[in-house]
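Please take the sequence and the three-dimensional model together, and keep both in view while reading. The account that follows moves from place to place in the structure and explains what can be seen at each stop.

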Amino acid sequence: MAHPSSQPSGNALSAAFIVLAVPLIGAGFLRQFLLAEDWRLVLGLLALFAVVLVVLERLPALETRIETAFARQSRLALLVGIVVVLGFPFALGGNTYALHLCVISMLYAVLALALNFQLGSANIPNFATGASYGIGAYASALLALNFGVSFWLALPAAAVVATIFGFLLGIPSMRTRDSYLALVTIAFGVVVHQLLNNLEFTGGPNGLVGIPVPELFGHAFSDPLVIFGQSLPPQANFYYLSALLVFISIVFAERLHDSRVGLAWNALRADELAARCQGINVTWYKVLAFAVDAFLAGFAGTIYAFYVGFISPDNFTFLVSVTIMTMVIAGGMDNILGVIVGAFLLTLLPEKLRAFSDYRILFFGVTVILFLMIRPQGLFPQRLRRYGD
Amino acid sequence: MSELFFQQVVNWITLGSIYALIAVGFSLLFGVLNIIHFSHGDVSLLAPFFALSVISALGSVMGQAGSLPVLLLGLAVAIAVTGAVGVLLDLVVIQRFRKAPAMMALVATVALGIVLRELIRHLFPNGSNPHAFPRLVDGDITLAGYSVPLFSLAVVAVSTLSVGALFFMLNNTRLGLHIKAVSQDRDAARLMAISPGRIFRATFFVASAIGAVGGLFFSSYAGMARFDFSIDVGLIGFSAAVVGGLGSMPGAIIGSLMIAGLDTLVQAVVPNGASYRLVFVFLLVICVLVFRPSGLLGRTLVEKV
């Protein structure tokens, strides 16, 4: 077999083909999965997904080929990705439930990416992502309800509030580690939940109701979205909004991963003591990981609050944090694609297998244990850092 | 000393003893295995459900006649079975994480706790609803002019006995020496012909059985068994062990008494305190950890180059 670089022209063409085909196949698969009604079809699609994964793992040459194709045609890949994401709601044929699932999946993808900075990159256990998510949601909702702040101002404000809490949460991490730190994050999550549940101004267990619908240039997000004469259900507004957030999060995550910060986090994961010896300010990078996590979670929380229009403390329990953690572990720690796939899979599966919806928490628990026992690296293992390309 | 104050003190000691039974298990397991067995609280609170199953199964056979023997048998079976469940969890799941990073074992046992909870909910008849749990000892006794529930006395007595037996076992028996040896140096212990696997299982049995006593008392104290009790109780037991210093048995007891004291105080003093209790408990935990990262009596491990 000839070395890939020996046939530049043919290779560019096949690379372009791969870059075009892979996202389309992925989107087609997701569409079928979202629209599948019968649980047997759902299981069949899952089996197909598993087969594809196994084949990719058995044929590393194919995997490398796809990877190099994307690396070479990164601009085209970006373009195809944007077109696919923009066009996806049209492919769902006005199915509002499928669109709703997409929005929720994407919000969870953002949360999983946020947690990935800690759990994946730096190996810091954090059971408080759900709490940061809640703080973001409540902060923006309270701003909107009490002071009439618009969504677009509440969004950054809530992220700032969540980040401040993230810093606060990070402070004990200066001194504590491992199990002790895990307890602090669990404690933080429980404290936030109990406070939301009991304080007067957060509405107690009833939560906050009647969060106003965002508007953009006079277009209310509760109205159907009309693009090129095609009318999309109102959920599409939030679909595009959360897609934008996912895109920003990915860029954010990639830039951080490639920067000194990402390297420092990886050094922390490998050996904290060695990292300290290399002159890495361990405390600062740990606190930073907490702050970044809370920042993204705050964004996701705001969008959730304005999308659903109603929030209560039970949306932000310890179980939410565990769910997010399941997504990161099952998808693959420190692998952006893996984390996103994990988020989609674990959001959609319980919804699709409605017959078993009572067992969803059990399912999450068993998934985590099985993954940790059998495949601790997740569906998509983390990549070795590559330099020079 | 007013009557009310005295009642609160009795309450405090009772709760503290119950928490200590669970916290000691956390600390013991951490000392030996060097991992957090996060589902220890959930294991401990399986015991009331085992007891209820045995009591209802035997009660239908024997009728009202043998209610006390049935109760005692139910408790004994529950303690033994819960200990066995601890061993089983080690064999099936936790064992796999001996050599893995501590974080993985932590996450796995958190998930394990969720699985245990959900299994009760789905497998126990009507598992989502609370089930009445008998008060193990009824009646009051008058001590120095104050009336004290016999139940509290029983809790304190049994807890002291169990923890005392644990201390005796650890310090004066062959098994205790083996456990200490394994907790100090696994490989050296192996060279002395001590099988670490066997010791781990023994530790799991002992810790889970003592936790089961705590779980039974807790359900009896609350008057019911609920599948989601273990969230709070497990967190409080773990917090008590952490506040005292993981791996230190006296620390676990001190931590339990501190947390139970705070718990009682908050419920008595703060308006609507019952719904805020965990907030205060965890604020205490966070404060202790910020100033003493290894707990009050924990060994401070300083990594040096």
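The paragraphs below treat the contact between the chains, then some helices and a hairpin, and finally a few single residues.

The model is a predicted one, and its local features are taken up only where pLDDT is at least 70. A convenient place to begin is the contact between the two chains, to which chain B brings 33 residues and chain A brings 33 residues. On the side of chain B that touches chain A, the elements that supply two or more residues are α5 (102–123), α10 (229–244) and α12 (277–291) of chain B. Of these, α5(B) gives the most, with 13 residues. Sorted by class, this side of chain B has 27 nonpolar residues, together with three polar and three charged ones.

One of the helices just named, α10(B), also meets α1(B) within its own chain. The axes of α1(B) and α10(B) come within 8 Å and cross at roughly 65°, and the crossing is right-handed. From α1(B) the contact is made by B:Tyr19, B:Ile22, B:Ala23, B:Phe26 and B:Ser27, while α10(B) contributes B:Val233, B:Ile236, B:Gly237, B:Phe238, B:Ala240 and B:Ala241. By class, the residues of this contact comprise nine nonpolar and two polar ones, with no charged residue.

Helix α1(B) returns in the surroundings of α7(B), a helix that spans residues 174–184 of chain B and whose buried residues are B:His178, B:Ile179, B:Val182 and B:Ser183. When α7(B) is seen down its axis, these buried residues fall within an arc of 130°, and so they line one face of the helix. The spacing along the chain fits a general rule, since an α-helix has 3.6 residues a turn, so residues three or four places apart point the same way. The buried residues of α7(B) pack against α1 (3–33), α6 (150–172), α8 (186–191) and α9 (196–222) of chain B, whereas the face turned away from the buried side carries the exposed residues B:Arg174 and B:Gln184.

Chain B also contains a pair of strands. Strand β2 (residues 140–143) and strand β3 (residues 146–149) of chain B run antiparallel and are joined by four bridges, and within this pairing B:Thr142 has B:Ser147 of β3(B) as its bridge partner. The two strands form a hairpin with two residues between them, and in the turn B:Ala144 has a positive phi of about 50°.

Positive phi values deserve a pause, because most residues other than glycine have a negative phi. In the loop between α8 and α9 of chain B lies B:Ala193, which has a positive phi of about 65° although it is not a glycine. Is B:Ala193 buried or exposed? B:Ala193 is exposed, because 7 other C-beta atoms lie within 10 Å, and the cut-off for an exposed residue is 12 or fewer. In chain A, A:Asn123 is likewise not a glycine and has a positive phi of about 60°; A:Asn123 is found in the loop between α5 (96–122) and α6 (129–147) of chain A. This residue counts as buried, because it has 21 C-beta neighbours inside 10 Å, and a residue needs 20 or more to be buried.

Three further residues, each in a helix, complete the tour. B:Phe49 lies in helix α3 (residues 47–62) of chain B and is buried, with 24 other C-beta atoms within 10 Å. Which residues does B:Phe49 contact, leaving aside its neighbours within four places in sequence? B:Phe49 is in contact with B:Ile120, B:Phe124 and B:Ala225. B:Phe49 and B:Val81 are 32 residues apart in sequence, and their C-alpha atoms are 11 Å apart in space.

B:Ala222, in helix α9 of chain B, counts as partly exposed because it has 15 C-beta neighbours inside 10 Å. From B:Ala222 to B:Ala111 the separation is 111 residues in sequence and 26 Å in space, C-alpha to C-alpha. In chain A, A:Ser74 lies in helix α4 (residues 74–91), and it counts as exposed because it has 11 C-beta neighbours inside 10 Å. A:Ser74 and A:Asp271 are 197 residues apart in sequence and 33 Å apart in space, C-alpha to C-alpha.

Conventions. Residues are numbered from 1 along each chain as its sequence is written. Chains are lettered from A and ligands numbered from 1 in the order in which they are written. This is a predicted model: local features need pLDDT of at least 70, side-chain atom pairs count only at pLDDT 80 or more; totals for chains, interfaces and linings use all residues. The arc is that of the directions from the helix axis to the C-beta atoms. Two residues are in contact if their C-beta atoms, placed from the backbone, lie within 7 Å. Ala, Val, Leu, Ile, Met, Phe, Trp, Tyr, Cys and Pro count as nonpolar, Asp, Glu, Lys and Arg as charged, and the others, Gly among them, as polar. Two strands pair if DSSP finds at least two bridges between them. Axes are lines fitted to C-alpha atoms, for helices over the stretch in contact, and angles run from 0 to 180 degrees between N-to-C directions. A crossing is left-handed if the near helix is turned anticlockwise from the far one by less than a right angle, and right-handed if clockwise.
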